[in-house]
Amino acid sequence: LHPDTLRSMHNLADPLEVIGRHEEAQRLYQEAIEGYRKVLGEDHPRILSATNQYAWGMLTCEPSLRDPQAALALVEQVVEKDHGSNPYFLDTLALAQFVTGDAQRAVATQEASLALLPTGATTIGPGLLRDLARDMLEARRIRTLAPVLLELHEKRPATAHETPPRMPQFMAHVIDFYDTWNRIEPGHGYDAKAAQWQAKRSEIR
């Protein structure tokens, strides 16, 4: 298959996953990955990206179709090949570690992912980032927070070299995350965390 055809298959799998057609999405990811291997070679960036999305789907689809151990094995290989430089891959690894029972390593991996935020992250400080890393994983137990977590995952600046204006946008999603969580489970200090992030956001705007 032509690389553009494989890329189309890869790109089609993601919206299928979002609308709940998990088995179709997983099949497309598998076919795209195998095709990429034959056409582009074993370690091409498109293979790493498709494999990461395939693993993410295994972790976040309906419970009866999930395979956390298989996802963990796949994304560990992806992160090793990428040398831990892609925050999206680290997000997937953190979730895989968390759902397979290794919460301590999961928080450390999520922190490593957040450490790749652009320069504005130095204004935020390690304490807030550490809390966010832990909270992003803990919030996975609340199904109604899934859309907010997805926004937080997808709208973050991808690398430390992205333009600074992306940081306030990311921080706005963090504030929305804590505000939403506070509405669902009031009285646990999530409103205070939202206020802390709002104050930090004002410092770097």
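A residue counts as buried under 20% relative accessible area, as exposed over 50%, and as partly exposed in between. With that scale in hand, and keeping in mind that this is a predicted model, select R105, which at 45% relative accessibility counts as partly exposed because its value falls between those two limits. Add D102, which is likewise partly exposed, with a relative accessible area of 26%, and display the salt bridge between D102 and R105, whose closest N and O atoms are 3.5 Å apart.

This pair belongs to a structure that holds nine salt bridges, and helix α2 (residues 22-40) is a good place to continue. Select R27 and E31, whose side chains meet in a salt bridge with an N to O distance of 3.7 Å; the two residues are four apart in the helix and so are separated by about one helical turn. R27 is partly exposed at 42% relative accessible area, and E31 is partly exposed at 39%. Staying in helix α2, move to E34 and R37, which lie three residues apart, about one turn of the helix, and form a salt bridge in which the closest N and O atoms are 2.7 Å apart. Here E34 counts as partly exposed at 42%, and R37 is partly exposed at 30%.

Next, select E138, R141 and E185 together, since these residues are linked in a network of salt bridges.

For the surface, colour D14, E151, E154, D176, D179 and D191, which gather in a patch of negative charge. The elements that contribute two or more residues to the negative patch are α9 (146-154) and α10 (166-184). Within helix α10, pick D179, which is partly exposed with a relative accessible area of 31%, and then T180 in helix α10, which counts as buried because its relative accessibility of 12% is under 20%. From T180, look for the polar atom of its side chain that lies 2.7 Å from the backbone oxygen of D176.

Another buried position is N52 in helix α3 (residues 45-60), with a relative accessible area of 7%; show T92 as well, and a polar contact of 2.8 Å appears between the two side chains.

Finish at H83, in the loop between α4 (68-82) and α5 (87-99), where the residue is exposed with a relative accessible area of 70%. Most residues other than glycine have a negative phi, whereas H83, although not a glycine, has a positive phi of about 60°.

How values were computed: Residues are numbered from 1 along each chain as its sequence is written. This is a predicted model: local features need pLDDT of at least 70, side-chain atom pairs count only at pLDDT 80 or more; totals for chains, interfaces and linings use all residues. Side-chain values use heavy atoms; hydrogens and water are left out. Patches are made of residues with over 30% relative accessible area and no salt bridge: like charges are joined within 9 Å, nonpolar side chains (Val, Leu, Ile, Met, Phe, Trp, Tyr) within 5 Å. Accessible areas come from the Shrake-Rupley method with a 1.4 Å probe; for residues, only the protein chains shown count as cover. A salt bridge is a side-chain nitrogen of Lys or Arg within 4 Å of a carboxyl oxygen of Asp or Glu. Lys and Arg count as positive and Asp and Glu as negative; His and the chain ends are not counted. The place of a charge is taken as NZ of Lys, CZ of Arg, CG of Asp or CD of Glu. Buried means under 20% relative accessible area, exposed over 50%, partly exposed in between (1.4 Å probe, protein chains only). A polar contact is a pair of N or O atoms within 3.5 Å; within protein, one must be able to donate a hydrogen and the other to accept it, and residues adjacent in sequence count only if both atoms are side-chain atoms.
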